[in-house]
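Q: Please take a close look at a single part of this chain, and describe the side-chain contacts there as well as the setting in which they lie.

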Amino acid sequence: MPDPVVAATLGILGTPTPEEQRISPDVARLLGRAPRDFADWAQRNAAAFR
């Protein structure tokens, strides 16, 4: 995705709330890895949107 699109999307999503931060250990336990944020996903999948 173009940088302005990523920046705008992250601006809409904002910072995780305390409730979202508290569930992170459960996400890691269920997935077997630490949770990833949207920016990480966008970087890994940017080529699919070009």
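A: A good place to begin is F38, which is partly exposed, with a relative accessible area of 24%. The model is a predicted one, and what follows should be read with that in mind.

F38 and W41 both belong to helix α4, where they are 3 residues apart and so separated by about one helical turn. An α-helix has 3.6 residues a turn, so residues three or four places apart point the same way. W41 is likewise described as partly exposed, its relative accessible area being 33%. The count of aromatic pairs comes to 2. In the pair made by F38 and W41, the ring centres are 5.6 Å apart and the planes stand at 25°, so this pair is stacked, the cut-off for stacking being under 30 degrees. Beyond this pair, ring pairs link F38 and W41 with F49 into a cluster.

Helix α4, which covers residues 38–45, also holds a charged pair, since D40 and R44 lie 4 residues apart in the helix and are separated by about one helical turn. Side chains of opposite charge can pair when their charged atoms come close. D40 forms a salt bridge with R44, and the closest N and O atoms are 3.1 Å apart. D40 is partly exposed, with a relative accessible area of 25%, and R44 also counts as partly exposed, at 47% relative accessibility.

Another residue of helix α4 is A39, which at 23% relative accessibility counts as partly exposed. A39 brings in a part of the chain that is distant in sequence: V6 is 33 residues away along the chain, yet the C-alpha atoms of A39 and V6 are separated by 7.2 Å. V6 falls within the range of helix α1, which runs over residues 3–13. Of the 11 residues of helix α1 the number buried is 1, so this helix lies largely in the open. After α1 comes G14, whose phi is positive, near 70°.

For comparison with the salt bridge in α4, it is useful to turn to helix α3, which spans residues 24–31. A search of the whole structure finds 2 salt bridges, and one of them joins the side chains of D26 and R29, with an N to O distance of 3.9 Å. D26 and R29 both lie in helix α3, where they are 3 residues apart, about one turn of the helix. D26 counts as partly exposed at 39% relative accessibility, whereas R29 is exposed, with a relative accessible area of 60%. Helix α3 as a whole is hardly covered, the count of buried residues among its 8 residues being 0. Just after α3, G32 takes a positive phi of about 80°.

G32 also serves as a reference point for helix α2, which covers residues 18–22 and includes P18. P18 is partly exposed, with a relative accessible area of 49%. P18 and G32 are 14 residues apart along the chain, and their C-alpha atoms are separated by 22 Å.

These local details can now be set against the chain as a whole. The secondary structure comes to 4 helices and 0 strands, and from the N terminus on the elements run α-α-α-α. The radius of gyration is 13 Å, well over the 10 Å that the globule rule gives for 50 residues, so the chain is more spread out than a compact globule. Taken along the principal axes, the C-alpha atoms fill a box of roughly 35 × 20 × 10 Å. Buried residues make up 8% of the 50 residues. The accessible surface comes to about 4,100 Å², and 59% of that surface belongs to carbon and sulfur atoms. As for charge, the chain has 6 positive and 6 negative charges, and the mean positions of the two groups are 7 Å apart.

To return to the starting point, F38 is partly exposed, its ring is stacked with that of W41, and the ring cluster that holds F38 and W41 also takes in F49.

How values were computed
Residues are numbered from 1 along each chain as its sequence is written. Side-chain values use heavy atoms; hydrogens and water are left out. Helices (H or I, at least four residues) and strands (E, at least two) are DSSP runs, numbered from the N terminus. The radius of gyration is taken over C-alpha atoms; the globule rule is 2.2 Å times the number of residues to the power 0.38. Buried means under 20% relative accessible area, exposed over 50%, partly exposed in between (1.4 Å probe, protein chains only). Accessible areas come from the Shrake-Rupley method with a 1.4 Å probe; for residues, only the protein chains shown count as cover. Lys and Arg count as positive and Asp and Glu as negative; His and the chain ends are not counted. The place of a charge is taken as NZ of Lys, CZ of Arg, CG of Asp or CD of Glu. A salt bridge is a side-chain nitrogen of Lys or Arg within 4 Å of a carboxyl oxygen of Asp or Glu. Rings of Phe, Tyr and Trp (its six-membered ring) pair if their centres lie within 6.5 Å; planes under 30 degrees apart count as stacked, over 60 as edge-to-face and the rest as tilted.
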